[in-house]
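Here is a walk through the interfaces of a multichain model. Keep the sequence and the structure open side by side.

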Amino acid sequence: MLPEFTLSRPADIDEVLRELNADVVPYAGGTELLLAMKMGLLVPSGLVDLKRIPALREISASESAIVIGAGATHDEVARHELIQAHAPLLVQVEQNVGNARVRSQGTIGGNLCFAEPRSDLLALLAAFDATVLLRSVRGDRTLAMAEFVLGPYWTDRAEDELLVSVAIPRPCPTGAYVKLQVTERPTVGVAAVRTAAGRCRVVVGSVTEVPLVVAGASWDDIDADGIVAQVEPVSDIAGSAEYKKHITGVYVRRAVALARDGAV
Amino acid sequence: MSSATGSAAGSTSEIATTVNGAAYRGSVANRTTLAAYLRDELGLKGTKVSCELQVCGVCSVLVDGRPVSSCTYLAADIDGRTVETVEGLATGERMHELQRAFVRNFALQCGFCTPGFLMMSKALLERNPDPTEDEIREYLDGNICRCTGYQPIIAAVLEAAAELRGVGVD
Amino acid sequence: MTEREHGVVGRSVQRRDLLEKVTGAAVYAVDVEPSGTLHAKVVRSSYAHAQLVRIDAEAALAMPGVVAVVTAEDIKDLFPRFGHIVADHYILATGKVRYYGEPVALVVAETLAAASDAAAQVEVHYSELPAVMSAADALAPSAPLVHDEAFVVSPDESFTAMAATPTADEVLERDNVAHEVTLGWGDVDAALASAHLVVSNEGMKFPMLYAYAMEPYNAVATYTDHQLDVISTAQHPFMVRTDLARIFDLPLSRVRVQVPYLGGGYGSKSYTKVEPLAAVGSWATGRPVKLVLDVEEAIYTTRADSAEVNVRTAFDADGTILARDIEMILDSGAYADNSPLVVAKAANRSFGPYRVPNLRVRGRSVYTNTSPASSYRGFGAPQGSFAGEINLDKAADLLGIDSAELRRRNLVGPGEEILPGKRGLDADLRADLELLVGSLRRDASNAQSSGIGYALTASDAGAFPVSTAHVRLQTDGSVVVLSGSTEMGQGSRSALAQIAAEELGVELIAVSVSQSDTATVAYERTTGASRTTTLTGLALQRACADARAKAADMAAEVFGWPVETIQPAPGGVLGPEEKFVGFGEVIMRWFGAAAGEITGVGLVRRDGATQKMPPFWECGIVGVEVSVEPDTGQVDVRQLVTVADVGFAINPHAVEGQDLGAATQGLGAALFEELVYEGPQLVNPNVVDYRVPRMRDVPAKIDTIIVERRDGIGPYGAKGAGEGALNPMTAAVAIAVGRATGKWPTRVPLTPERVWRLLNDLPDDS
């Protein structure tokens with residue numbers, strides 16, 4: 001049962017910014033927030049609905065970046081022609097987030113702000129060197145993913161800030177994303193991409209508190225055993241730390257092998 | 001101007017919506033889920049609730065044609081939107097192709113998950129009128145059926161898709 | 001199976017209930033809400049074991065909309081417990097709590113939101129007690145007692161006739177053993193000592209399971225003027241009625257339990273669950289009270305018994321079984337519920353369907369401070385067969401005999417007794433095994449890291465035979481069937497209609513079936529153990545015969561025909577010179593008006609065809625081919641083959657559906673499903689972390705074979721279906737994984753990590 005709360009539907013971003021505070025929080029797809037409220041983990045006094053602000057759902061491309069409005073749903077991202085043309089790996093990942101309802105309700109911004117560590121997007125966007133744009137009445141901030149995601153369920157977003165958009169630098173890296181997923185969220189997810197500058201980058205997600213980024217000049221520089229030594233997973237219902245370390249190695253090797261072969 | 005909804009107390013919202021083609025207008029508590037609104041306010045009890053975590057798919061309905069878990073969707077959010085539930089599938093006495101295919105294929109037993117499967121299948125066929133078996137599995141993987149073992153559901157969706165495309169089945 | 005001499009049975013007719021269900025019109029208990037209904041929310045224990053010191057409900061009572069907060073103190077003048085075998089189950093925790101999640105208080109309010117908000121404000125003060133969280137802890141010397149008082153097991157034959165049990169008035173020792181059974185014959189020790197080979201599997205662990213019937217337990221109760229009306233999710237409304245009548249000291253006739261469509265049962269809705277809570281809520285407030293649990297609460301209400309099993313089998317050099325020695329310990333949780341019967345059935349089902357000349361089985365159902373265990377589809381059989389069937393494959397390898405051949409040599413043949421003095425086997429398992437293995441081997445991939453596994457079980461099914469049915473012939477020749485068997489998805493409504501249409505020679509469309517309302521339909525003891533087609537079906541056949549006989553008598557009277565000249569005919573009777581008169585005309589002539597009806601009554605008890613227990617053996621004959629990904633341990637099921645040895649399929653598609661559904665639940669237990677306790681509470685009391693099979697898990701090849709040899713005692717030679725394909729599934733998958741990996745599993749579910757540990761000889765004690 002949800003607790004009581006107020007609900008407002010601002011027409012534009014400026015109105016949102018005037019309303020946000022510690023108790024009044026942004027609300028979009030609700031796929032994370034409403035569950036947390038049902039379980040009593042979060043008890044905000046008010047929700048500010050972002051779904052009716054078209055600007056927050058826009059997906060556009062500039063010379064230097066693909067910019068995705070934070071309010072775009074996973075499904076909208078996956079089906080957008082710009083994303084399909086320029087970031088096919090993101091399409092592939094977005095098509096496999098949650099289930100079909102979560103993809104049609106949940107937003108990319110909500111996913112990032114919740115900073116659930118077992119998130120495909122946290123790892124992939126880190127591999128893409130994406131940045132997020134935060135806005136408040138105090139001004140704008142642009143943060144790299146590593147600066148934004150500070151820990152499990154913990155971001156650098158201030159209570160009065162709104163995540164407005166995510167920017168992926170162009171040209172988007174290509175490569176592969178593979179994951180082991182038995183339940184609703186991945187146990188381990190690994191992105192392996194080659195950047196426009198020719199660098200090879202591997203990002204390990206889900207198994208760690210925050211995505212682990214490793215880069216090298218060539219795929220041969222990616223040391224799977226070294227990555228396994230660096231991750232410090234916790235034992236839980238999804239698997240023991242020992243097993244998670246083991247499959248981290250397996251999936252790093254798989255991702256690299258796929259990326260080496262030139263997957264999307 | 002903020003189009004703030006609800007009373008000064010702020011715990012309710014005014015909504016105007018269309019459910020299965022009928023217009024409704026009224027006040028709902030913000031904490032009311034769409035599932036509760038459909039079942040308790042509108043008496044549309046065909047939509048069921050089970051896991052309450054968006055995992056089982058039992059409560060699936062369509063909002064503006066897109067599938068949502070009505071157990072984790074605010075009734076207030078259907079303001080200005082169109083909702084379709086299992087009660088709206090049939091046209092008068094004529095059942096939807098999916099409904100008939102489910103019956104023919106024994107694609108349900110207890111039937112509790114069925115409204116959700118039907119609505120998800122409708123969403124699938126609207127975006128992909130000719131899905132492969134793998135595409136059906138992928139799209140419906142987020143719906144749980146504990147009775148059938150799923151194979152008859154896959155068969156029913158394939159059959160309904162063929163009928164809707166006018167291919168017909170023998 | 002193309003030649004059929006019947007008109008209606010034996011055909012995959014469209015199930016009429018499915019039409020209601022696809023339109024959303026079908027009514028389930030959760031949809032029922034009488035006007036003026038109050039809503040209840042349960043306050044639950046936050047300790048596994050603790051004294052209840054004080055319950056402070058004042059703040060909750062002061063909240064808007066709250067009508068009452070009911071605690072044990074309020075119902076102490078009622079009989080405050082329930083339980084059909086051992087009445088040990090408190091409606092509301094009394095004195096102490098025995099598991100995390102146990103109901104402590106019931107908040108009743110005008111709305112669900114008000115009840116829910118207020119439940120959070122009820123303050124319960126506890127004094128924690130040491131808890132026993134596993135069967136091993138509970139059996140340790142001087143372990144804390146879950147129950148301080150001993151309860152006597154029901155002496156009713158309907159329980160004792162189904163299993164070896166202690167005598168009724170045996171005073172139970174004050175330990176945590178809820179129930180103990182022993183079973184056996186011959187000299188096991190001598191056979192073990194002199195055998196060519198003894199093969200052991202020790203410490204085989206079967207997990208706690210959750211049936212996940214998708215409609216969680218719910219009930220709405222109305223108590224007025226010494227009358228209690230309950231609409232709930234009960235598989236056995238008549239047994240729930242008995243519990244409720246005892247609680248309120250009401251005549252059975254003043255308790256009415258109705259069950260509309262059930263959103264899944266699978267045994268988990270057997271016996272009394274939330275009905276007493278809703279009923280005391282109504283008793284306390286004088287208004288209808290509705291209680292709907294969420295999934296987490298449902299998991300804490302009933303789970304399936306976990307088990308640890310040791311099995312030793314002695315063999316001759318040619319593979320003949322000389323002896324089996326089996327010990328099983330079931331973790332039954334805080335209350336007995338149906339676990340005494342589960343452990344008894346587990347013992348009966350643990351060693352066969354093989355000839356075992358020397359046998360010793362000891363089974364114990366143990367109280368722990370965990371959620372209470374009770375029935376779940378096939379209960380007892382999966383736990384034992386997991387250990388016993390792996391044991392046979394292990395032996396086959398050691399003996400150098402093909403595993404199918406080893407089974408063939410030891411399988412009990414048709415008519416042969418599995419349990420001395422009980423019904424002989426009413427199936428041909430050797431023939432079934434050939435069909436099974438033939439299908440599996442025909443499509444075997446023989447790929448690396450793949451393996452085939454198959455397993456067999458025979459369950460003493462049908463439960464205790466007490467069934468009744470009524471048929472009411474109408475003036476237009478149509479037929480109303482009344483049965484206390486519950487339609488829970490298995491298709492009984494349709495199957496019973498087929499039987500009535502067949503027996504009376506009327507069109508299927510002219511038959512309606514009403515079920516599960518203790519005030520109006522015919523008595524049925526339970527809807528479980530796959531009994532409905534066989535036992536209710538028999539009762540219905542007899543009811544139809546009774547109706548036909550009455551019609552003949554009435555025709556004789558009104559037409560002046562000698563009764564012995566009257567022959568049965570489809571839809572009526574044939575008089576002299578083959579003169580046909582329809583049932584409707586007989587009725588109207590006899591009553592002298594366009595009115596009236598004929599009621600036929602059919603009764604089944606332990607007599608005649610149903611004298612011998614069990615009423616039938618339900619066999620499980622399943623196999624799979626799996627492939628294992630060596631570096632992750634992920635298991636992919638490539639083939640699933642089931643053989644339904646059902647005697648006669650009233651509705652073949654429905655039988656296939658039951659088998660595929662049961663097999664799929666078995667796949668869940670084999671690969672994913674396990675409730676996990678960490679400290680006092682479950683870490684995964686939800687469907688996110690308790691993973692059940694999904695559409696993507698459906699095997700590429702599914703072969704559901706139906707075998708009809710008309711060897712059952714039910715209508716047309718039918719036997720029950722529905723549990724068989726689940727029972728040996730865990731064993732079959734574990735054997736297949738064993739074949740794929742070269743290592744025999746010791747526990748399920750075979751999650752990727754478990755299989756990886758198995759492959760790498762790493763300890764698995766999580």
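Helices (H or I, at least four residues) and strands (E, at least two) are DSSP runs, numbered from the N terminus. By that count, E159(B) sits in helix 5 of chain B, residues 151-164. E159(B) is classed as buried because its relative accessibility is 18%; buried means under 20% relative accessible area, exposed over 50%, and partly exposed in between (1.4 Å probe, protein chains only). Its side chain makes a polar contact of 3.3 Å with the side chain of N105(B). A polar contact is a pair of N or O atoms within 3.5 Å; within protein, one must be able to donate a hydrogen and the other to accept it, and residues adjacent in sequence count only if both atoms are side-chain atoms.

The model is predicted: local features need pLDDT of at least 70, side-chain atom pairs count only at pLDDT 80 or more, and totals for chains, interfaces and linings use all residues. Residues are numbered from 1 along each chain as its sequence is written, chains are lettered from A and ligands numbered from 1 in the order in which they are written, and side-chain values use heavy atoms, with hydrogens and water left out.

Stay with chain B. Its domain 1 covers 12-88 and its domain 2 covers 97-164; the bounds come from an automatic or database domain assignment. The centres of these two domains, taken over C-alpha atoms, are 21 Å apart. Contact here means heavy atoms within 4.5 Å. On that basis, 14 residues of domain 1 of chain B touch 14 residues of domain 2 of chain B. Together the two domains bury about 1200 Å², with 66% from carbon and sulfur atoms. Buried area is the accessible area (1.4 Å probe) that two parts lose on being put together, summed over both.

One salt bridge is counted between the two domains of chain B. A salt bridge is a side-chain nitrogen of Lys or Arg within 4 Å of a carboxyl oxygen of Asp or Glu. K122(B) and E84(B) form a salt bridge, their closest N and O atoms 2.4 Å apart. Three residue pairs are in polar contact between these domains (both at pLDDT 80 or more). On the domain 1 side of this interface in chain B, strand 3 (residues 60-63) gives the largest share, three residues. That side divides into eight nonpolar, four polar and two charged residues. Here Ala, Val, Leu, Ile, Met, Phe, Trp, Tyr, Cys and Pro count as nonpolar, Asp, Glu, Lys and Arg as charged, and the others, Gly among them, as polar.

Now turn to where chain B meets chain C. The contact takes 46 residues from chain B and 53 from chain C. About 4000 Å² is buried between these chains, 61% of it from carbon and sulfur atoms. In chain B, F106(B), Q109(B) and R146(B) lose the most area to chain C, together 22% of what that side buries. Five salt bridges are counted between chain B and chain C. R146(B) also forms a salt bridge with E673(C), at 2.8 Å from N to O. The rule finds 23 residue pairs in polar contact across this interface (both at pLDDT 80 or more). On the chain B side, helix 2 (97-104), helix 3 (114-127), helix 4 (133-140) and helix 5 each supply at least two residues. The chain B side has 26 nonpolar, ten polar and ten charged residues.

Chain C also touches chain A. Here 16 residues of chain A contact 20 residues of chain C. The two chains bury about 1600 Å², 56% of it on carbon and sulfur atoms. M1(A), I237(A) and Y243(A) supply 35% of the area that chain A buries against chain C, more than any other three residues. Four salt bridges cross this interface. R694(C) and E184(A) form a salt bridge at 2.5 Å, N to O. Eleven residue pairs are in polar contact between chain A and chain C (both at pLDDT 80 or more). Helix 11 (residues 241-260) of chain A gives the largest share of the chain A side, seven residues.

Last, look inside chain A. Its domain 1 spans 58-169 and its domain 2 spans 174-260. Their centres, over C-alpha atoms, are separated by 20 Å. R118(A), D120(A) and A127(A) lose the most area on the domain 1 side, together 33% of what that side buries against domain 2 of chain A. D120(A) forms a salt bridge with K179(A), with the closest N and O atoms 2.9 Å apart.
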